[in-house]
Amino acid sequence: MGLLGLRSLSVGAIHDLLQSAALFKSSLATRSAPQTLLGKTILTLFFEPSTRTRVSFETAIKRLGGSTVSMAMESSSTKKGETLFDTVKNLDAMGFDGIVVRHRHTGVPHFLQQHMPFPVINAGDGFNEHPSQGLLDCFTLQESLGSLTNKVVVILGDILHSRVARSNIWGLTKLGAKVVVCGPPTLIPVGIEEMGVHVAPSLDTILEVADAVNVLRIQYERQELGYFPSVREYRAWYGLTAQRMTRLKAGCCVLHPGPINRGIEIDSVVADGPHSVILEQVTNGVAIRMAIMDRWINGGDPNE
Ligand code: CP
């Protein structure tokens, strides 16, 4: 079984992965990463665009001595109508050791795992989960804040369409953080409190108590018209603006999974300012993905 989400990962497994990522990060600094994937070949299959996730998975695998094969979905036989099942069965016949997959539909990695003998790593499925992003966000927050127990982490923006939000919620609540979600009521899923989070009535009520604010991207590609009146109004109510930055606690971390819509959900002075750990997230993405690939390709399912 591969890494399909943080919902099904035990607290112990999350702690182990974060510890392992810290060791891999140190090994990168001294150019002494262990070659634990030597001889292993991993297929990366991205049916949606990606910069950070794809490049950092491929970098992580190569840093560990493994090799990658990337399929260009735009020029693959899926364009001739080949089903996902047939595509992956044919790829399986070529003898890979694992697969990293991103797809716009929820459940595609789970479907593939049911039919594949090797580990499937979810690099984002629909609105469901983005587990490697959730782990790298937890890792980055632990580096900055220490233990996450009782830390107030605000997830700000389009919660409804965000797999990043879901993986953050599963991971952070398991690590003891108090997670607060905030955004336009139309973009807060009904019943989200059942995931163990609080819903803030407004951004301005929680800015001053936040230990971290994870700002989500406005997902134009997933929006139907009408979730909020206008981008200008969204920014006025939910933008992490220069003015709002002045009300953050000293030491409050600002995260963003990228890509950023500057001047909409976050101002440049915030994204590039003293609270921002956005580029640390990107750096940590390689270490976390090294921990993931080492664990799942070499060690098996950490829940077992
Ligand atoms: N955070 C994230 O998933 O970025 P990409 O879409 O660039 O991979």
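Let's walk through this predicted model, starting with its domains and ending at its ligand.

A good place to begin is the overall layout of the protein chain. The domain assignment splits the chain into domain 1 (11–129 + 282–299) and domain 2 (131–281). Taken over C-alpha atoms, the centres of domain 1 and domain 2 are separated by 26 Å. Where the two meet, 29 residues from domain 1 and 28 residues from domain 2 take part in the contact.

Now bring the ligand into view. The space it takes is the largest pocket, and both domains contribute to its surroundings: domain 1 (11–129 + 282–299) and domain 2 (131–281) each supply at least three residues of the shell. If you would like to select that shell in your viewer, pick Ser-50, Thr-51, Arg-52, Thr-53, Arg-102, His-130, Gln-133, Pro-257 and Gly-258. By character, the shell residues divide into six polar, two charged and one nonpolar.

Next, zoom in on the oxygen atoms of the ligand, beginning with the run of shell residues that includes Thr-51 and Arg-52. Thr-51 takes part through its backbone, with an N or O atom 2.8 Å from a ligand oxygen. Arg-52 uses its side chain, where a polar atom lies 3.0 Å from an oxygen atom of the ligand. Arg-102 also offers a side-chain N or O atom, and here the distance to a ligand oxygen is 2.9 Å. As for cover, the ligand taken alone exposes 260 Å², and the protein buries 91% of that.

Conventions:
Residues numbered from 1 in each chain as written. Predicted model: local features only at pLDDT ≥ 70, side-chain atom pairs only at ≥ 80, totals over all residues. Heavy atoms only, no water. Near = heavy atom within 4 Å. Polar contact = N/O pair within 3.5 Å; in protein donor to acceptor, adjacent residues only side chain to side chain. Areas by Shrake-Rupley, 256 points an atom, 1.4 Å probe, with all protein chains shown as cover. 1 Å grid on protein atoms, 1.4 Å probe; cavity = no way out; pocket = protein on both sides within 12 Å on 5 of 7 lines; lining within 4 Å. Sits in = over half its atoms within 2 Å of the grid points. Nonpolar A, V, L, I, M, F, W, Y, C, P; charged D, E, K, R; others polar. Domains from an automatic or database assignment. Contact = heavy atoms within 4.5 Å.
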